[in-house]
Amino acid sequence: MNAPINAPKLYDCRDAFATTLERLAAENETIVAVCNDSVGSSKLGGFKAKFAERLVNVGIAEQNMVGVGAGLANGGRIPFVCAAAPFLTGRSLEQIKADISYSNANVKLVGISSGMAYGELGPTHHSIEDFAWTRVLPNLPVIAPCDRIETAAAVKWAAAYNGPCFLRLSRVGVPDLLPEGHKFELGKANLLRQGSDVTLIANGTLTHRILKAAEILADRGINARVLNLATVRPIDEEAIIAAAKETGAIVTAEEHSIFGGLGSAVAEVVVDNAPVPMKRLGVPGVYAPTGSAEFLLDEFGMAPSAIADAAQSLIRRK
């Protein structure tokens, strides 16, 4: 099927990650990459061609991979440790906790193909728990960029940041949402659309979907505020509290379980500071079945029209 004539161009955030990492590595010889036999899926082919001696491929041994990253950081390097998000986080959580978070090691963890991007490979390859696992760990910023521009900015920030972080990147194509030259600020939300009737909050692949939902709501006479909350930890409490007080209702949408993820993080801020009706859209505490990422998001109520319907229903509770 041909794409609509006016459809926006879609970009794979992994490409922005890879090109930015290569540029930074050319400027800083302490930057290295570590992967788990995932040079292709992590888009590290260009890095390998230019800096073969600075790419460590440990094979399918994710726990060792995280330890190697910690050792490189202790030796003065800046390692970007790359692997499919479900295996980087779930398989290596103990090492991330002890070697990275507790030790406050200067390691940049990069979870590739997060959420349900590996949809056809089924539940074992879905990464819908990684926000919950990582955001509880001290010293570990958790970041999910919404487009290629924010991805490039976040990678640049991560390389300059003295400490660990977790970058969550999808392989699902998304349109540009932020302006060229955007500067990433840890813990700061991006206000993408002003509104007073309800607030829609998302990050990663869901951000462009909530923008479309806001357009649908506008056609219904509802003015929706849209926040891109790329940083899950530390979260922008000021923006969330203002949204709660000024719009009176919040809908979150995420490519993650509704337990422990972005919606839970937002709800924690809301209940402590400005309780308002909320609706958390995501995977409802089940293993997502096999199917394309786009299909699964729609099936779990995160098509733009479904997000708009959920917001409209929530407004009635205000």
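These are my notebook entries on a predicted model, covering a few residues, the cysteines, the cavities and some unusual backbone angles.

**Entry 1: the annotated domain**

I began with the record. UniProt, in an unreviewed entry, annotates residues 11-176 as "domain: Transketolase-like pyrimidine-binding". I then looked up what the model shows over that stretch. Residues 11-176 come out as 40% helix and 16% strand. The C-alpha atoms at the two ends of the stretch are 8 Å apart.

**Entry 2: Asp-12**

Next I went to Asp-12, which sits in the segment before H1. Is Asp-12 buried or exposed? It counts as buried, because its relative accessibility is 15% and the cut-off for buried is under 20%. Its side chain makes a polar contact of 2.7 Å with the side chain of Arg-14. Setting aside neighbours within four places in sequence, I found Asp-12 in contact with Lys-43, Ser-170 and Arg-171. I also took one long span: Asp-12 and Asn-162 are 150 residues apart along the chain, and their C-alpha atoms are separated by 27 Å.

**Entry 3: two glutamates**

I looked at Glu-29 and Glu-62 together. Glu-29 is in the loop between helix H1 (13-27) and strand E1 (31-35). It is exposed, with a relative accessible area of 65%. Glu-62 belongs to helix H3, which runs over residues 62-74. In contrast to Glu-29, which is exposed, Glu-62 is buried at 2% relative accessible area.

What does Glu-62 touch, leaving aside neighbours within four places in sequence? My list reads Asn-36, Phe-87, Arg-91 and Ser-92. Arg-91 turns up again in a distance I noted for the other glutamate: the C-alpha atoms of Glu-29 and Arg-91 are separated by 30 Å, with their positions 62 residues apart along the chain.

**Entry 4: the cysteines**

How many disulfides does the structure hold? I found zero, and I wanted to see why for two of the cysteines.

- Cys-82 has its closest cysteine sulfur in Cys-35, at 7.1 Å, so the pair is too far apart for a bond.
- Cys-146 has its closest cysteine sulfur in Cys-13, at 7.7 Å, which is also too far for a bond.

For comparison, the cut-off I needed here is 2.5 Å between the sulfur atoms. Both residues are hidden from the probe to a similar verdict: Cys-82 is buried with a relative accessible area of 0%, and Cys-146 is buried with 1%.

**Entry 5: empty space inside**

Then I turned to cavities. Rolling a probe the size of a water molecule over the atoms shows where empty space is left. I counted two cavities of 30 Å³ or more. The largest cavity holds about 120 Å³ of space. It is lined by 15 residues, and those closest to its centre are Ser-114, Pro-145, Ser-170, Gly-204 and Thr-205. I had already met Ser-170 as a contact of Asp-12.

**Entry 6: backbone angles worth a second look**

Most residues other than glycine have a negative phi, and most peptide bonds are trans. I noted three places that depart from this pattern.

Asn-104 has a positive phi, near 50°. It is found in the loop between helix H5 (93-101) and strand E4 (108-112), and at 40% relative accessibility it counts as partly exposed.

Ser-113 also has a positive phi, about 60°, although it is not a glycine. Its loop runs between E4 and helix H6 (130-135). Ser-113 counts as buried, at 0% relative accessibility.

Which residues does the cis peptide bond join? They are Arg-233 and Pro-234, with omega about -5°. Pro-234 lies in the loop between strand E10 (231-233) and H9.

**Entry 7: Thr-247**

Last, I followed H9 to Thr-247. That helix covers residues 237-247, and Thr-247 is part of it. Thr-247 is buried, with a relative accessible area of 2%. Where does its side chain reach? It comes to 2.6 Å from the backbone oxygen of Ala-243. Beyond neighbours within four places in sequence, its contacts include the run Gly-195, Ser-196, Asp-197, Val-198 and Thr-199. I also noted Arg-225, Ala-242 and Lys-318 among the contacts of Thr-247.

Methods: Residues are numbered from 1 along each chain as its sequence is written. This is a predicted model: local features need pLDDT of at least 70, side-chain atom pairs count only at pLDDT 80 or more; totals for chains, interfaces and linings use all residues. Side-chain values use heavy atoms; hydrogens and water are left out. Helices (H or I, at least four residues) and strands (E, at least two) are DSSP runs, numbered from the N terminus. Buried means under 20% relative accessible area, exposed over 50%, partly exposed in between (1.4 Å probe, protein chains only). A polar contact is a pair of N or O atoms within 3.5 Å; within protein, one must be able to donate a hydrogen and the other to accept it, and residues adjacent in sequence count only if both atoms are side-chain atoms. Contact means heavy atoms within 4.5 Å. UniProt positions are given in the numbering used here, feature names are shortened, and annotations may be inferred rather than shown by experiment. On a 1 Å grid over the protein atoms alone, a cavity is a set of points where a 1.4 Å probe fits but cannot get out, and a pocket is an open set with protein on both sides within 12 Å along at least five of seven lines; lining residues have an atom within 4 Å of a point. Grid points are joined across faces, edges and corners, and a volume is the space filled by probe spheres set on the points.
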